[in-house]
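Trainee: I've just opened this one and don't know my way around yet. Could you walk me through it?

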Amino acid sequence: MNLTFTEELPPGAIPIYVDASLMKKSGCQLAFSLTLKGLRKIIDDPILTLGKAVHKFAEVTWENDLQALAAGRDVMVDAKLDAAEFISVASTRPAGVIPKPLVVNGRAGTEFYFETPWLTFIYKGTIYVIIICGTIDHVSFVNGVMRLYDYKTTRYYKIGDALSKYKYEMQFTFYAWALWKFGHKFFDLDIHNSIRELKLTFSVVVIQIKTKPPKWTISSPQGFIQSDLENFENELRKALVANLLPYLDGESASNGRISNACAQCNFAELCYAAPGMEDALIASLYTQKQYTPKSHT
Ligand code: SF4
């Protein structure tokens with residue numbers, strides 16, 4: 001597979017959307033392949049809905065607090081859940097700690113979505129294009145530094161446990177690399193230049209929803225060095241080749257079994273099902289639609 005850099009969409013190319021969520025599956029060819037086929041487990045967990053409501057609140061609150069509360073409450077009500085827990089979490093948000101979002105193309109940089117072509121290749125006569133994409137919860141630009149934030153709602157009672165869980169999240173490096181590499185496509189030149197100089201930090205905003213009262217904690221800003229981002233890009237390329245070829249050939253190996261990846265995999269019921277049960281399981285436990293980052297939020 002010969003991967004060629006491209007800034008534009010080659011005519012007629014089939015897009016393959018690559019985001020951090022997909023790459024988290026790259027330790028198992030089968031999990032990667034099933035994700036790319038758009039298979040997604042239906043998870044009916046109130047904490048996920050509460051997380052969505054808090055994200056909605058955090059997205060809108062820069063424009064209008066009351067509208068933000070209403071937007072978050074609507075998420076809960078639509079899921080037929082009591083909105084009181086959401087209101088309790090939202091009302092403890094610390095004011096003035098997270099800087100105002102950067103305005104990008106006339107829109108506040110919350111739930112900031114980016115996508116851009118990166119690599120193209122021809123395989124068995126078909127042209128493909130790999131599109132790098134993602135959604136960053138909050139993007140700010142303060143004193144010449146790009147500051148990125150990601151909200152994580154958690155059941156952890158100890159803040160140290162929650163911060164440890166996210167300390168080495170691949171997702172943050174993925175976003176930093178994408179902005180460092182393609183920032184000229186999304187931002188004005190002065191901002192792009194700052195990012196190229198690695199005036200760029202990432203913080204996770206941990207929201208403990210089970211403490212009384214709920215608590216918001218912002219981690220220390222994490223910086224990045226160029227060699228790490230370059231290594232990340234090299235590893236990303238290798239992982240894509242290792243996983244895309246079996247996906248395109250329909251021959252993905254279930255190699256997550258040898259790395260204990262199955263323990264956290266949403267496809268485990270399917271993989272470990274009795275022979276002949278797969279179709280019934282897919283119909284009852286999963287949804288399927290074309291994989292794009294926006295289809296899976
Ligand atoms: S359950 Fe295991 S083998 Fe199956 S897709 Fe997930 S990680 Fe791979």
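Mentor: Sure, and keep in mind that this is a predicted model. Let's start in a strand: T120 stands opposite V129 in β7.

Trainee: Which residue stands opposite T120 in β6, then, on the β1 side?

Mentor: Strand β1 covers residues 4–5, and two bridges join it to β6, residues 110–123. The two run antiparallel. The residue opposite T120 is T4.

Trainee: And how many bridges join β6 to β7?

Mentor: These two strands also run antiparallel, with β7 spanning residues 126–142. They form a hairpin with two residues between them, and K124 in that turn has a positive phi of about 50°. The number of bridges joining β6 to β7 is twelve.

Trainee: Zooming out, how does the chain's radius of gyration compare with the globule rule?

Mentor: The chain has eleven helices and eleven strands. For 297 residues the rule gives 19 Å, and the chain comes close to that, so it is as compact as a globular protein of that length. Its radius of gyration is 20 Å.

Trainee: Which helix gives the largest share of the largest nonpolar core?

Mentor: That core has 64 residues, and A31, V54, I130, Y175 and L179 have the most contacts inside it. Eight of the core's residues come from one helix, residues 170–186, and that is the largest share. The helix is α7.

Trainee: You mentioned V54. Which residues does V54 touch, leaving out those up to four places away in sequence?

Mentor: V54 is among the residues with the most contacts inside the core. Leaving out residues up to four places away, its partners are G72, F86, V89, A90, Y151, T153 and I207.

Trainee: What about H192: is it buried, exposed or partly exposed?

Mentor: H192 sits in helix α8, residues 189–196, and touches G183, H184 and F187, not counting residues up to four places away. It has 18 other C-beta atoms within 10 Å, while a buried residue needs 20 or more and an exposed one has 12 or fewer. So H192 is partly exposed.

Trainee: Last one: which helices each supply at least two residues of the shell around the ligand?

Mentor: The residues surrounding the ligand include C28, L30, A31, R257, A268 and C271. By class, the shell has nine nonpolar, two polar and one charged residues. The helices you're after are α2 (29–36) and α10 (268–271).

How values were computed. Residues numbered from 1 in each chain as written. Predicted model: local features only at pLDDT ≥ 70, side-chain atom pairs only at ≥ 80, totals over all residues. Near = placed C-beta within 6 Å. Helix = DSSP H or I, 4+ residues; strand = E, 2+ residues; numbered from the N terminus. Nonpolar A, V, L, I, M, F, W, Y, C, P; charged D, E, K, R; others polar. Contact = placed C-beta atoms within 7 Å. Core = buried A, V, L, I, M, F, W, Y, C linked by C-beta atoms within 7 Å. Rg over C-alpha atoms; globule rule 2.2 N^0.38 Å. Pairing = 2+ DSSP bridges.
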